Amino acid sequence: MAKQTPVKESPAVVASRKRRMKWWNDARLGMFIHYGLYSQLGRGEWVMNRERIPAEQYQKLADTFAPKPRCPREWAALAKKAGMKYMVMTTKHHEGFCLWDSKQTDFNSVQRGPHRDIVREYVDACREYGLKIGFYYSLMDWHHPDGANCYHDAAAGRRFLDYTQSLVRELMSNYGKVDILWYDLAWPFGSAAAWEADKMNAIARRLQPHIIINNRSYAPEDFGTPEGHVTAEAVGRAWESCMIINSGWWGYVPLPADEWLTPQAIVRLLNQAVAGAGNLLINIGPMADGSVPPEAADRLTKLGKWLGVYGEAVYGKLDRVERMDGMSCGLWSRRGNTMYAWITRWPGRELAIGGLKTKVKAATCVATGKKLPFEQTSDRLVISGLPAKCPDRWCNTALIKLDFAGKPVQFLGAGLVDIGV
Ligand code: GLC
């Protein structure tokens with residue numbers, strides 16, 4: 001991922017950040033969609049580069065590209081069912097193929113293949129399902145003749161920047177309100193200045209004053225994008241981890257069911273994201289015709305059922321989990337003086353938690369709403385009256401809510417007594 005280079009942010013962008021980011025911070029969970037010509041080959045979105053497929057040969061995939069009618073509706077329906085609040089779709093991946101009616105290139109889905117504007121269909125589907133709309137846009141472009149030359153040749157560089165800015169302008173002009181601009185892979189230039197990120201992002205913001213922009217044009221902008229791991233960024237910085245949920249690539253790869261994360265493993269990712277008050281963007285790589293792989297549909301449907309029960313621990317304003325150690329049975333998330341214990345290894349009728357320094361006022365089984373009896377001594381909380389087996393049938397994870405008398409603190413250390421280290 002591109003490291004950031006210093007840029008001077010406009011005071012208006014800084015001043016409006018909190019307001020612009022409010023819905024996004026509350027949303028917590030989104031769907032990433034990697035769909036393009038590469039979906040036909042089933043060997044990931046980097047296949048052109050990894051296999052050094054000659055451009056003339058690769059381009060032919062534009063004529064066989066045949067998304068089934070209105071497939072974005074299927075993605076949006078699943079996102080909604082999965083409890084996701086926004087989507088981010090690859091409008092142009094590294095291969096350079098534009099999924100919209102671009103006037104800058106005929107290497108697009110209206111001139112070639114389906115002769116349809118897939119971005120338009122996607123936007124309509126998001127609106128139909130009440131989901132916020134994100135556009136992924138790869139700055140790197142393997143198709144454009146200047147996409148690599150621009151590094152050595154100043155005239156090519158100028159042309160490529162103009163091309164890039166024109167495409168961004170089209171995307172920001174032709175589809176009504178767009179909520180997120182999600183750049184990717186800023187190659188070959190190596191700085192915000194070389195990409196003219198200030199100018200490019202100012203174009204986007206002028207056309208879409210509410211937009212949220214990620215950090216992959218070298219400019220830090222509104223949020224960080226840890227990829228392939230869920231790690232909180234510095235306090236005060238918004239962040240979103242993007243993750244694939246199988247052992248493949250972002251683009252479609254046919255895989256057996258056991259190469260996919262279990263529903264519980266997906267919930268654990270969500271737990272890590274919310275524990276750091278961050279967001280999680282879960283990827284699906286639709287198949288050649290745009291259908292959702294059944295393994296993805298299965299897992300995300302279960303996630304949605306689970307969120308139907310446990311959403312209160314996920315959506316809306318949350319605080320970072322600080323000064324907490326964890327349990328033998330799972331991890332935490334937090335809202336003020338309330339902690340949620342995410343129990344992924346169900347202990348049976350009793351749950352014991354060590355090292356809590358703050359007084360517990362109430363323990364509740366979130367699934368049933370039932371208050372649970374508990375005893376708290378100086379170093380140990382024992383909650384009883386739990387169901388013998390994990391009450392959750394979707395993701396094998398159930399939450400116990402603990403209300404504390406003050407800011408929750410847990411300290412365990414390595415020994416059996418607290419010696420302060
Ligand atoms: C990387 C990959 C790209 C993928 C992206 C998702 O930049 O190059 O294929 O789209 O990560 O974050």
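Colleague: What does arginine 216 do at the ligand in this predicted model?

Modeller: A polar side-chain atom of arginine 216 lies 3.0 Å from an oxygen atom of the ligand. The cut-off for a polar contact is a pair of N or O atoms within 3.5 Å, so this pair counts as one.

Colleague: How much of the ligand does the protein bury?

Modeller: Alone, the ligand exposes 310 Å². The protein buries 92% of that.

Colleague: What makes histidine 34 a polar contact of the ligand?

Modeller: An N or O atom in the side chain of histidine 34 is 2.5 Å from a ligand oxygen atom. The limit is 3.5 Å, so the pair qualifies.

Colleague: And how far is histidine 93 from the ligand?

Modeller: A polar side-chain atom of histidine 93 lies 2.8 Å from an oxygen atom of the ligand. That is within 3.5 Å, so this pair is a polar contact too.

Colleague: Which residues surround the ligand, and of what kinds are they?

Modeller: There are 14, and the closest are His34, Glu45, Trp46, His93 and Glu227. The shell divides into seven nonpolar, three polar and four charged residues.

Colleague: Which pocket holds the ligand?

Modeller: The second largest.

Colleague: Now glutamine 165. Why is this residue called buried?

Modeller: Its relative accessibility is 3%. Buried means under 20%, so glutamine 165 counts as buried.

Colleague: Where is glutamine 165, and what does its side chain contact?

Modeller: Glutamine 165 is in helix H8, residues 154-173. Its side chain makes a polar contact with the side chain of lysine 199, at 3.3 Å.

Notes: Residues are numbered from 1 along each chain as its sequence is written. This is a predicted model: local features need pLDDT of at least 70, side-chain atom pairs count only at pLDDT 80 or more; totals for chains, interfaces and linings use all residues. Side-chain values use heavy atoms; hydrogens and water are left out. A residue is near a molecule or strand if one of its heavy atoms lies within 4 Å of it. A polar contact is a pair of N or O atoms within 3.5 Å; within protein, one must be able to donate a hydrogen and the other to accept it, and residues adjacent in sequence count only if both atoms are side-chain atoms. Accessible areas come from the Shrake-Rupley method with a 1.4 Å probe; for residues, only the protein chains shown count as cover. On a 1 Å grid over the protein atoms alone, a cavity is a set of points where a 1.4 Å probe fits but cannot get out, and a pocket is an open set with protein on both sides within 12 Å along at least five of seven lines; lining residues have an atom within 4 Å of a point. A molecule sits in a cavity or pocket if more than half of its atoms lie within 2 Å of its grid points. Ala, Val, Leu, Ile, Met, Phe, Trp, Tyr, Cys and Pro count as nonpolar, Asp, Glu, Lys and Arg as charged, and the others, Gly among them, as polar. Helices (H or I, at least four residues) and strands (E, at least two) are DSSP runs, numbered from the N terminus. Buried means under 20% relative accessible area, exposed over 50%, partly exposed in between (1.4 Å probe, protein chains only).
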